[in-house]
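Load the model in your viewer and switch to a cartoon view. The stops below are given in the order in which to select them.

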Amino acid sequence: MSTLGFVMLCHTALDRAAQVARHWAERDCPVVIHVDKRVTRDRFDGFRKALADLPNVRFTRRLRCEWGTWSLVAASQGAAEILLAEFPSVRHVYLASGSCLPLRPVDELQAYLAARPMTDFIESVTIRDVDWTVGGLNDERFKLRFPFSWKRQRFLFDRFVELQRRFKLERSMPEGVVPHLGSQWWCLTRQTLTAILQDPHRRKIENFFKLVWIPDESYYQTLVRNYSRSIESRSLTLSKFDFQGKPHVFYDDHLHLLRRSDCFVARKIWPKADRLYRTFLTDDGAGTRMAEPAPGKIDRVFSKALERRTRGRPGLYMHSRFPNPDWENGKTAAPYSVFHGFNDLFEDFEGWLTRRIGSAVHGNLFDPTRARFAGDVPIYAGCLSACAELRDYNPEAFLTNLIWNTRGERQVFMFGPRDNQRPGAFMAKDANAQISVISGAWAVRLFQSNRNFADIRAEAAQMQRHEIDFVNTLRHVRSRADIRIWTLAEFIEEPMENLQGILDAMEGATALRLTAAPKMVNLNGFATFLQALKNQGLNPMTVGDFPQEGGAYRPPADRNRPYLVR
């Protein structure tokens with residue numbers, strides 16, 4: 001006669017639960033099954049009929065079960081009482097669910113338990129040592145009362161908790177009971193389980209735990225401490241949970257992972273994981289390994305999965321794993337460079353930089369009319385459209401897609417106060433961004449525009465407001481980009497040195513010394529233009545302290561010729 005019996009709690013995928021129950025029963029392990037009362041009568045009758053030929057399978061009275069309530073404990077109690085009463089040879093009772101799947105031969109589990117005849121396997125830790133509960137309520141789950149369902153009556157649940165906290169309506173534990181928590185999936189000896197079920201104060205204890213939150217994770221875990229001779233505070237069932245407290249579901253591609261764990265049983269198995277059920281319910285193995293269950297072997301895989309789910313891969317955003325704000329594992333996938341104001345100050349700056357670094361340089365990607373891709377193409381890598389309307393629907397995603405689609409090639413583009421300013425804050429907080437700014441360079445293009453001065457002044461005011469906001473964003477304490485900011489007046493004093501510093505940061509040790517700078521636009525009369533703006537009531541402060549001589553600015557004779565390194 002078998003010394004091992006199973007209690008199964010089932011509510012869905014009854015065809016799979018029938019397979020697992022048959023697997024255990026045919027190997028001389030009695031099984032007592034509780035089926036949720038919410039399962040229709042037809043489905044229940046079909047389930048019962050599928051196991052009718054097995055003499056060691058029993059069904060217990062059906063209860064309506066709900067997560068986080070006493071009903072789950074009551075269901076396991078009723079099934080355990082039948083198992084202990086009708087199968088006197090059973091020495092260990094294993095609690096499982098209908099979504100559990102045995103991972104090792106039953107003979108191995110029986111031998112493992114036979115070698116530890118007085119050991120109870122149940123996770124049982126004091127509330128002060130628990131750090132894995134999601135949503136809090138470690139000690140309060142015992143001190144407060146929880147008559148309302150957390151899932152169905154969330155408003156009443158929360159309000160009643162607030163009321164009890166406000167008026168300090170706490171209750172005390174029954175005498176001799178020290179609260180413990182742990183996984184609901186246990187394997188207890190007959191002696192311990194009988195002592196719990198036959199406790200002379202059982203009714204008083206049950207009345208207390210009926211108002212505890214999630215009592216199936218505390219009832220047995222607490223009482224086992226009063227009666228067990230030897231406790232292994234761990235479960236023999238592999239059960240993993242995500243950061244939200246929801247159980248991981250195992251699929252067919254987890255086959256090798258489950259084998260590596262050496263656990264006896266795993267939950268939660270996807271009902272359509274045909275490969276898993278076919279493998280583990282037919283492969284009993286030739287010998288007994290007696291390996292110690294070691295779920296820690298696969299913890300690294302789950303930790304990596306958790307990081308992927310919560311933070312994603314650097315620069316990759318997708319519908320199934322869109323990380324919460326500021327949870328990213330990296331806003332973009334690779335380094336990129338942003339030049340603000342350079343194509344206003346230098347003629348054909350994009351062409352010069354393309355020749356200098358040997359790769360494509362984009363124009364203003366966030367230009368109001370369209371994205372100015374290198375070569376002015378309408379479609380770029382990964383079918384990114386130059387259409388401004390599509391880009392501006394989510395400009396941050398547009399940028400991250402561009403960087404992701406071109407991994408291995410550094411992206412370089414222009415940016416300015418005329419562009420869509422929304423990506424500015426995103427780039428400032430991106431550690432992959434290298435942002436170089438010549439503030440006030442927008443005035444050069446206005447200086448050359450030959451337009452009505454009233455229109456120029458109005459646009460200058462708007463450009464300066466945009467630029468001030470962008471520079472303030474870059475200088476914020478949360479900025480993580482590699483940022484360089486010059487006023488226009490500062491930059492033109494040493495353009496070669498400033499450009500060399502930017503290229504050194506881009507290219508690292510491979511950077512070569514500049515022998516020629518891009519051609520600067522003609523700035524004759526620019527100082528007078530700035531003074532005219534001041535006379536009209538606009539102070540172009542972002543330009544810096546631009547030099548004047550005799551009321552008019554005359555640049556050095558070689559200002560517009562390529563600079564040579566002497």
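In what order do the four strands of the open sheet with parallel pairing stand? Bear in mind that this is a predicted model. Select the strands and read across: the order is E16-E13-E17-E18, and the pairing is parallel. E16 (411-415) and E18 (482-487) are the edge strands; each has a single partner strand, so one side of each lacks a neighbour in the sheet. On average, neighbouring strands here are turned by 10 degrees against each other, with direction ignored.

Stay at the E18 edge and add E17 (residues 433-439). Six bridges connect E17 and E18, in the parallel sense. To find the register, show serine 436 and look across to E18, where arginine 484 stands opposite. Strands of a sheet pair through backbone hydrogen bonds, so turn on the backbone atoms when inspecting such a pairing.

Next, go to strand E2, residues 31-35. Are the residues of E2 buried or exposed? Five of its five residues are buried. Side chains in a regular strand alternate between the two faces of the sheet. In E2, Val31, Ile33 and Val35 lie on one side, Val32 and His34 lie on the other, and all of them are buried, which leaves both faces covered. "Buried" here stands for under 20% relative accessible area.

Now select E1 (residues 4-10), which runs parallel to E2 and is joined to E2 by five bridges. Leucine 9 is the residue to show here: histidine 34 in E2 stands opposite. Trace the chain from E1 to E2 and you pass through helix H1 (residues 14-25); this β-α-β crossover is right-handed.

Continue to E3 (residues 57-59). Three bridges pair this strand with E2, again in the parallel sense. Valine 31 is a useful marker, standing opposite valine 57 in E3. Between E2 and E3 the chain crosses through helix H2 (residues 41-50), and this β-α-β crossover is right-handed.

For the last stop, show the surface and select Leu163, Phe167 and Leu169. Together they form a nonpolar surface patch with about 270 Å² of accessible area. Leucine 163 belongs to helix H6, residues 154-167. Why does leucine 163 count as partly exposed? Its relative accessibility is 38%, and the partly exposed class lies between the buried limit, under 20%, and the exposed limit, over 50%.

How values were computed
Residues numbered from 1 in each chain as written. Predicted model: local features only at pLDDT ≥ 70, side-chain atom pairs only at ≥ 80, totals over all residues. Heavy atoms only, no water. Patch = residues over 30% accessible without salt bridge, like charges linked within 9 Å, V, L, I, M, F, W, Y side chains within 5 Å. Areas by Shrake-Rupley, 256 points an atom, 1.4 Å probe, with all protein chains shown as cover. Salt bridge = Lys/Arg side-chain N within 4 Å of Asp/Glu carboxyl O. Helix = DSSP H or I, 4+ residues; strand = E, 2+ residues; numbered from the N terminus. Buried < 20%, exposed > 50% of the residue type's maximum accessible area, 1.4 Å probe, protein only. Pairing = 2+ DSSP bridges. Right-handed = clockwise from strand over helix to strand, strands pointing away. Axes fitted to C-alpha atoms, helices over the stretch in contact; angles between N-to-C directions.
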